[in-house]
Amino acid sequence: MPETTERVCVPRAVFVQYPFGRQLGLVGDYAGQRRICEDMAALLEEAQAPNAYRHLPYEWPEPPETTKWRPDMPPPIFAIRQAKEDGHNLLDDYKDEERAAYSDAER
Amino acid sequence: MPIERVDGFYFHPTSRERVLAQRHADPAKTPWTPLEKPLAECKVTLVSTAGIFTKGDESFDYERERREGTWGDPTHREIPRTAGQDDVAYSHLHVDTSFMAEDRNVSWPVDIFLVFEREGKIGALAETLYSIMGYIPNFNPLVKRTAPLMIEKMKAEGVDAAFLYPV
């Protein structure tokens, strides 16, 4: 997702509009999977400065409405989110008790 | 019509508001390590966020995530390059990993990189590959503990570059 990746400022990234879990292509599509790996390799060799991002032109063959990427059983956060559709900010609930344990000061 | 700019919300539109509310890091502070030799001379490794672990190895801690849905296992697993398609489990709770179980190269292109090695496109694929489980709201231990452990191992194996495959 470029919207996330650019937010955390990774040095290099290649973006493709494929579904979660199949970012390189369909099952058995070796040529298509390889093409994206080659695009990644090319960026690694060619990028000269940080924030080097490339958007690939490839289109997924199925419409998003019928493309399966969610697991059959929703993840635990799904039920929590549904129960808090009142605008409650879930970030407030994120347990980051390790933050202090792994603070820069202790490194 | 070819895509000019990828829409990250194309398959998951309900995440738009949540993602766009996140703070933006400073692009001026993005780290940078130049590639200092041709890829054909580099040893490379792969990192997946698909919750991959070698069968017989310890699973990611999904019991705790089921108890505390806003927590995710921040540890990593090391996977030997010799592990085959069915020697590992693909275990992410948030993404359908059944496609990877059929053909790992949909998101974990070990076979493609083994071909790259044979063709001389890369110098070598490292002995050890890596996976984390990509749902980690509690990211501090990932950044402060797990990532340094992976980097230490990569350096010990002489790795020049890592290809990260978010699932």
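Helices (H or I, at least four residues) and strands (E, at least two) are DSSP runs, numbered from the N terminus. This is a predicted model, in which local features need pLDDT of at least 70 and side-chain atom pairs count only at pLDDT 80 or more, while totals for chains, interfaces and linings use all residues. Residues are numbered from 1 along each chain as its sequence is written, chains are lettered from A in the order in which they are written, and side-chain values use heavy atoms, with hydrogens and water left out.

**Exercise 1. Describe the fold pattern and the overall dimensions of chain B.**

Step 1: Chain B holds five helices and seven strands, and along the sequence these follow the pattern α-β-β-α-β-β-α-α-β-β-α-β.

Step 2: For 167 residues a compact globule would have a radius of gyration near 15 Å, and the 17 Å of chain B agrees with this; the radius is taken over C-alpha atoms, and the globule rule is 2.2 Å times the number of residues to the power 0.38. Along the principal axes, the C-alpha atoms of chain B fill a box of roughly 45 × 40 × 40 Å.

Step 3: Of the 167 residues in chain B, 54% are buried, where buried means under 20% relative accessible area, exposed over 50%, and partly exposed in between (1.4 Å probe, protein chains only). Among contacts (heavy atoms within 4.5 Å) in chain B between residues at least 6 apart in sequence, 75% join residues at least 24 apart.

**Exercise 2. Work out the secondary structure of chain A and locate its Cys9(A) and Asn51(A).**

Step 1: Chain A has four helices and two strands, arranged as α-β-α-β-α-α, and buried residues make up 40% of its 107 residues.

Step 2: Cys9(A), in the loop between helix H1 (2-8) and strand S1 (12-17) of chain A, has a positive phi of about 60° although it is not a glycine, and with a relative accessible area of 5% Cys9(A) is buried.

Step 3: Asn51(A) lies in the loop between H2 and strand S2 (52-59) of chain A; its phi is near 65°, a positive value in a residue other than glycine, and at 27% relative accessibility Asn51(A) counts as partly exposed.

**Exercise 3. Characterise the interface of chain B and chain A, beginning with its buried area.**

Step 1: About 6,200 Å² is buried between chain B and chain A, and carbon and sulfur atoms give 62% of this; buried area is the accessible area (1.4 Å probe) that two parts lose on being put together, summed over both. Val6(B), Phe11(B) and Trp32(B) supply 13% of the area that chain B buries against chain A, more than any other three residues.

Step 2: The contact takes 72 residues from chain B and 69 residues from chain A.

Step 3: The rule finds three salt bridges across the interface, each a side-chain nitrogen of Lys or Arg within 4 Å of a carboxyl oxygen of Asp or Glu. One of them joins Arg5(B) to Glu6(A), with the closest N and O atoms 3.6 Å apart.

**Exercise 4. Place Gln33(A) in its surroundings.**

Step 1: Gln33(A) belongs to helix H2 (residues 30-46) of chain A, and its relative accessible area of 1% makes Gln33(A) buried.

Step 2: Leaving aside neighbours within four places in sequence, Gln33(A) is in contact with residues of chain A including Leu24(A), Leu26(A) and Val27(A), and with residues of chain B including Asp103(B), Asn105(B) and Ile112(B).
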